[in-house]
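User: I am new to looking at protein models, and I would like a close look at one part, the enclosed empty space inside. Could you walk me through it slowly?

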Amino acid sequence: MRRLELLEGRCDPDRLDLEANILLGRHEACDLRLFDETTSRRHARIEVASDVVTLEDLKSSNGTWLNGERVDGPARLFDGDVIRIGDTQLRYLSGDGSDRITVVEGQANDDVQAALDPDAADPAVEAAGEGAIRRLRFVCDGAVACADAAEIPAMLGDLLGLMVEAFAPERALVCLRGAGGAIEVAAAHPEAATPPASSTLRQRVLEGGEAVLIRDAHDPEAGAGGKSMVRSRYRSMLAAPLKVAEGVLGFVSVEAESPDAYTEGDLRALAAAARQAALALRNLRALLGAREEVRRLQAVTTGEAPPFLGEHESVEAVRTLIRKAAAADSPVLITGETGTGKELVARHLHAESTRATRPFVALNCAALVEGLLESEFFGHEKGAFTGATDRREGRIAQAADGTLFLDEVGELPAQLQAKLLRVLSEGTFRRVGGKEMLPMRCRVLAATNRDLRKMVKDGTFREDLFYRLQVLELDVPPLRERTGDVIVIAEASLERLAAQLGRRVPRLAEDARAVLQAYPWPGNVRELLNVLERALVLLEGDTITASDLPQEIRERRVHDEDAPQVPSEVMTIREAEKRAVKAALEHTGGKKGAAAAVLGISWPTLNRKIREYGL
């Protein structure tokens, strides 16, 4: 039986009976799949006839070799022939009983002796030649650089330096995929070098995951980079993908102005170093991401807050009030429209207080099911209700000596308002189902976008609780009242968002600045951040222009086509709110999520209003 057997490398399967024509390559659909970046997706084909078996290269990047000679056309296979594709070697066996098996006597012992005895290794190293020594040193030094790396830019810079030292190129690059798949230069020699213009080459390395050797880009037979490389002054090139299991992260390349500057051995060395660097890059990104997440969680726990940006006098007034209120332990009621940054103010109140090193615990009163709010506040004992399989600490206990922030406090149901008032008045609380009275040691900050005074008059919010929470009151101004701060906030936010997305900080073009300043921002800072993040994710270049912003922002419309129309006749706020909710539900066909978004409220808040108004 005719067959192929693996001698070196990795392939699947490692033995294949040749009963019909087969395809060899890196693609998963190949009959014999090769696991080597230096091979093409569909690299070579073996055709089986009744009495003749032939091997043919399929215009691969790095060629197919038969018994040490490159295959230029269909080549007949004979028993014992050795096929080499990249680092993979296969033996063809005809199965006629005349299999030729070569045994190199003493080779294994010589290898062991060389490994144990440096003096015995010297002749072997010298016999390998300067090129092999140079490549070996490059791969080993690259492994050390990757293992020692603590920061991504430093590692990529070290890799670039080793590439320049090993291959002496006129141009060398380490490029990474940025947001949206854009190619960004992470390290370059010389510093102003730009990525190769060849889209064909990029596709083969980045999309195909191939390591490519171009011996002479000006030779139509030897070149593989397309017309753009023929026009380039660089004639020789090596390029290898930074490839991990999840995909290709980028590529490395070296280029020379002379032809035939690099060999297949150079390509294998660069591909090996690129694999090491890709793994180190992935691990460093995961490590740095984990560190950032830890930092974020620590910031959430301790209340660490980003700067409260703005130069308007109203913002400065807020900062002054924060400094004064932070020094006291009195409750603070933070008011303002949705998206103005009320939680940010709360975090600054905590961060500038004597409780800054203690926990900061936030609870959105509108985001929880009414029946679970009491347990969230006070905790519960095991067996207190169905599903209470263990004792659970509530938010008051979790806040300990720190700060408890009650967001959307106007959404608290009447029963819980009474219990919260009792806790604030007496300074003690009890877990649901418990008997022990526990001390409440945390400071309480509350926030709302509703008019609590009006709710007190309407009887929907307890007056005594309102005055207990409103010892100090701090109102956060809407963004439309401080339009001069829009660009300040936008530029600072772009820096933070770019860092999170791992890309360069984009520039805001003048037309984009004009659009951002002209828009009234009904969703305030939160809406501005959403618009900027969307633009940054979809951005292909380094500059955000007006065309990168949503159409409704450019046209200065405040979602006119989506907003429910409040009747113009005089009516109570309650009646206007009821009609607005009804109009939003009619406009969205009863879809509550869409209606809540139109109204600028949460889904639980909308559900409560539907029940309240009998809709």
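Which helix gives the largest share of the lining of the largest cavity, and how many residues does that share hold?

Analyst: Helix H7 (residues 264-302) gives the largest share, with three residues. Before we go further, remember that this is a predicted model: local features need pLDDT of at least 70 and side-chain atom pairs pLDDT 80 or more, while totals for chains, interfaces and linings use all residues. Residues are numbered from 1 along each chain as its sequence is written, and side-chain values use heavy atoms, without hydrogens and water.

Here is the idea behind the search. Rolling a probe the size of a water molecule over the atoms shows where empty space is left. A cavity is a set of points, on a 1 Å grid over the protein atoms alone, where a 1.4 Å probe fits but cannot get out, and a lining residue has an atom within 4 Å of such a point. Points are joined across faces, edges and corners, and the volume is the space filled by probe spheres set on them. By this rule there are two cavities of 30 Å³ or more.

Start with the largest cavity, which holds about 50 Å³ of space. Its lining consists of Thr38, Asn62, Gly63, Trp65, Arg84, Gly86, Glu264, Leu267 and Arg268. Sorted by class, these are two nonpolar, four polar and three charged residues. (Ala, Val, Leu, Ile, Met, Phe, Trp, Tyr, Cys and Pro count as nonpolar, Asp, Glu, Lys and Arg as charged, and the others, Gly among them, as polar.)

One lining residue, Arg84, brings us to strand S11 (residues 82-85). Helices (H or I, at least four residues) and strands (E, at least two) are DSSP runs, numbered from the N terminus. S11 is joined to strand S12 (residues 88-93) by four bridges, and the two run antiparallel; strands count as paired if DSSP finds at least two bridges between them. Within this pair, Ile83 has Leu90 in S12 as its bridge partner. Both strands belong to an open, antiparallel sheet of six, in the order S3-S1-S12-S11-S8-S9. At its edges are strand S3 (15-17) and strand S9 (69-70), each pairing on one side only.

Now move to the second largest cavity, with about 30 Å³ of space. Pro196, Leu201, Arg202, Val205, Met237, Ala239 and Phe251 line this cavity. Six of these residues are nonpolar, none is polar and one is charged. Helix H5 gives the most to this lining, three residues, and H5 and strand S16 (236-244) each supply at least two.

H5 (residues 199-207) deserves a closer look. Leu201, Arg204, Val205 and Leu206 in this helix are buried, meaning under 20% relative accessible area with a 1.4 Å probe, counting protein chains only. Leu201 and Val205 also appear in the lining of the second largest cavity. After H5 comes Gly209, with a positive phi near 70°.

What does H5 rest against? This helix lies across S13, S14, S15, S16 and S17, running at about 135° to S17. Contact here means heavy atoms within 4.5 Å, and angles run from 0 to 180 degrees between the N-to-C directions of axes, which are lines fitted to C-alpha atoms, for helices over the stretch in contact. Helix H4 (residues 152-167) lies across S13, S14, S16 and strand S17 (247-256), at about 150° to S13.

Those five strands form an open sheet with antiparallel pairing, in the order S14-S13-S17-S16-S15. Strand S14 (183-189) and strand S15 (212-214) stand at the edges with a single partner strand each, so one side of each has no neighbour in the sheet. On average, neighbouring strands of this sheet are turned by 15° against each other, direction ignored. At the S14 edge, strand S13 (residues 171-177) pairs with S14 over six antiparallel bridges, and Leu176 stands opposite Glu184 in S14.

To place both cavities in the whole: the protein has 21 helices and 28 strands, and 43% of its 615 residues count as buried. So, back to your question: three residues of the lining of the largest cavity come from H7, because helices here are DSSP runs (H or I) and that lining holds Glu264, Leu267 and Arg268.

How values were computed
Buried means under 20% relative accessible area, exposed over 50%, partly exposed in between (1.4 Å probe, protein chains only). On a 1 Å grid over the protein atoms alone, a cavity is a set of points where a 1.4 Å probe fits but cannot get out, and a pocket is an open set with protein on both sides within 12 Å along at least five of seven lines; lining residues have an atom within 4 Å of a point.
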